[in-house]
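Work through the exercises below with the sequence and structure at hand. Try each task before reading its solution.

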Amino acid sequence: MNNYKSLKKQLKFCIKTMNDSSSLFVVDSNKDFTRKRKHLFGSTLFNVLLLESGSLKDEMFKLFGYKLDTPTASSFV
């Protein structure tokens, strides 16, 4: 179990590092991920890794805790 926690900690650190320099990883750094909404660069990257085999709509509900204000699947795309 310690290996899992260590790997998860390293993954979160890598995503945070990428988030700090997200302009290197997007197509248009002046436009992509510039608005502060529910889909931020780091959380979107982490959520893509957490997706399972359900529909995108169901996965979004699961990721956002089945709340009514869960973003739509089309906003994720």
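**Exercise 1.** State which helices help cover the buried residues of H2.

*Solution.* Start with the span: helix H2 covers residues 41–50. Next, list its buried positions: Phe-41, Gly-42, Thr-44, Phe-46 and Asn-47. Each has under 20% relative accessible area. Then look for their cover, counting heavy atoms within 4.5 Å as contact. The cover includes H1 (2–20), H3 (56–63) and H4 (73–76).

**Exercise 2.** Decide how far to trust this predicted model, element by element.

*Solution.* Begin with the whole protein: the mean pLDDT is 81. A score of at least 70 is reached by 91% of the residues. Now go to the elements. H3 has the highest mean, 86. H2 has the lowest, 79.

**Exercise 3.** Describe the fold and its extent.

*Solution.* Count the elements: 4 helices, 0 strands. Read them from the N terminus: α-α-α-α. Box the C-alpha atoms along the principal axes: roughly 35 × 30 × 20 Å. Now take the contacts with a separation of 6 or more; 35% of them join residues 24 or more positions apart.

**Exercise 4.** Characterise burial, surface and charge.

*Solution.* Burial: 17% of the 77 residues count as buried. Surface: the protein exposes about 6400 Å². Carbon and sulfur atoms supply 58% of that area. Charge: there are 13 positive and 7 negative side chains. Finally, compare the centres of the two sets: they lie 7 Å apart.

Definitions and conventions:
Residues numbered from 1 in each chain as written. Predicted model: local features only at pLDDT ≥ 70, side-chain atom pairs only at ≥ 80, totals over all residues. Heavy atoms only, no water. Helix = DSSP H or I, 4+ residues; strand = E, 2+ residues; numbered from the N terminus. Buried < 20%, exposed > 50% of the residue type's maximum accessible area, 1.4 Å probe, protein only. Areas by Shrake-Rupley, 256 points an atom, 1.4 Å probe, with all protein chains shown as cover. Lys, Arg positive; Asp, Glu negative; His and termini not counted. Charge placed at Lys NZ, Arg CZ, Asp CG, Glu CD. pLDDT = per-residue confidence, 0-100.
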